[in-house]
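Trainee: I'm new to this one and would like to learn how to read it. Could you take me through it feature by feature?

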Amino acid sequence: MDLRTLLGIRPGITALTGGGGKTTMLYTLAAELAAEARVICCTTTHMFPPDHMPVLYTPTPAELEGALAECRRVCVGRPAAEGKLMAPALAMKTLAALADYVLAEADGSRGLPCKAHLSHEPAVPPEAGQIITLVGASCFGKPIREAVHRPEEFCFWTSREPDDPVIPEDIAELLRSEAPAAGPPAKIFVNQVEDDRAWAQARRLAELLPWPVYAGALKREIWTCLS
């Protein structure tokens with residue numbers, strides 16, 4: 001089963017949040033969806049532009065429509081520091097009108113596998129019809145201070161100390177605690193599941209959450225539904 005089918009990706013705007021694989025998921029879904037539909041990739045924060053699809057910097061709607069007619073998969077944004085992209089100048093509703101699917105990387109985790117959020121995060125577009133929150137299994141067993149972006153927020157929600165190891169119960173508590181402010185995540189994906197221990201941790205997390213939980217190793221194109 002391909003990833004888009006597993007996750008039930010619907011037309012419209014899908015936002016990816018959390019840490020540990022957002023960009024990989026973004027481009028995996030884009031490649032699958034572009035086989036049959038028009039797809040726009042973008043960010044609401046910052047990300048590096050891809051090298052395997054056209055990148056349009058501040059296009060007009062007509063330019064974007066033309067690019068999608070030639071290549072059904074494009075990335076859109078404005079130039080930012082360090083060669084990165086920032087959010088497109090065009091409104092999300094405009095992007096959604098031009099493409100069948102808009103995939104937005106709506107969070108930043110500084111390359112860490114887990115993210116705890118401030119009150120104004122994540123930067124999910126209000127028009128998003130689906131949110132997928134990622135957690136990298138490489139965080140399990142590591143000290144919170146090393147594995148989590150914004151460890152102070154993580155410790156606040158979980159009542160843990162920065163040197164404590166991350167466990168599934170912590171992630172479950174964090175996701176449940178953040179849900180009222182950010183809206184309940186529609187789906188959870190545990191990425192970087194590479195061995196039996198990681199699978200056990202992912203299954204434990206699935207047992208603790210009321211939302212659908214998926215797991216796998218995106219770079220190896222391995223994934224399944226756990227709940």
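Trainee: Let's start with the open spaces: how much space lies in the largest pocket?

Mentor: A word on the basics: this is a predicted model, where local features need pLDDT of at least 70 and side-chain atom pairs count only at pLDDT 80 or more, while totals for chains, interfaces and linings use all residues. Residues are numbered from 1 along each chain as its sequence is written, and side-chain values use heavy atoms, with hydrogens and water left out.

Mentor: On a 1 Å grid over the protein atoms alone, a pocket is an open set of points with protein on both sides within 12 Å along at least five of seven lines; a cavity is a set where a 1.4 Å probe fits but cannot get out, and lining residues have an atom within 4 Å of a point. Points are joined across faces, edges and corners, and the volume is the space filled by probe spheres set on them. Here the largest pocket holds about 680 Å³.

Trainee: Which residues are closest to the centre of that pocket?

Mentor: Look for K22, E105, S109, R110 and G111, out of 34 lining residues. Helices (H or I, at least four residues) and strands (E, at least two) are DSSP runs numbered from the N terminus. Two elements, α2 (22-33) and β3 (46-47), give two or more residues to this lining, and α2 has the largest share with three. For the chemistry, Ala, Val, Leu, Ile, Met, Phe, Trp, Tyr, Cys and Pro count as nonpolar, Asp, Glu, Lys and Arg as charged, and the others, Gly among them, as polar. That makes nine nonpolar, 15 polar and ten charged residues around the largest pocket.

Trainee: And how many cavities of 30 Å³ or more does the structure hold?

Mentor: Two. The second largest cavity has a volume of about 70 Å³, and its lining includes G18, C114, K115, H117 and E178. β8 (114-115), β9 (130-136) and α7 (168-182) each give two or more residues to that lining, with α7 giving the largest share, four residues. The lining splits into six nonpolar, three polar and two charged residues.

Trainee: What does T43 touch, leaving out residues up to four places away in sequence?

Mentor: Contact means heavy atoms within 4.5 Å. T43, in strand β2 (residues 39-43), touches L85, M86, A87, P88 and E105.

Trainee: Is T43 buried or exposed?

Mentor: Buried means under 20% relative accessible area, exposed over 50%, and partly exposed in between (1.4 Å probe, protein chains only). T43 has 0%, so it counts as buried. Its side chain also reaches the backbone nitrogen of T45 at 2.9 Å.

Trainee: How many salt bridges does a search of the whole structure find?

Mentor: A salt bridge puts a side-chain nitrogen of Lys or Arg within 4 Å of a carboxyl oxygen of Asp or Glu. The search finds 13. One of them joins R38 and D100 (3.3 Å, N to O). R38 is in the loop between α2 and β2 and D100 in the loop between α4 (92-98) and β7 (101-105), so the bridge ties together parts 62 residues apart in sequence.

Mentor: Another pairs E169 with R204, the closest N and O atoms being 2.9 Å apart. E169 sits in helix α7 and R204 in helix α8 (residues 196-208), so parts 35 residues apart in sequence are tied together. E169 is partly exposed at 33%. D107, K115, E121 and R150 are also linked, in a network of salt bridges.

Trainee: Which residues have unusual backbone angles?

Mentor: Most residues other than glycine have a negative phi, and most peptide bonds are trans. S159, not a glycine, has a positive phi of about 60 degrees. S159 lies in the loop between α6 (151-158) and α7 and is exposed at 65%. E221 also has a positive phi, near 60 degrees, and is found in the loop between β12 (213-217) and β13 (222-225).

Trainee: Which residues does a cis peptide bond join?

Mentor: E121 and P122, with omega about -10 degrees. You'll find P122 in the loop between β8 and β9.

How values were computed. Polar contact = N/O pair within 3.5 Å; in protein donor to acceptor, adjacent residues only side chain to side chain.
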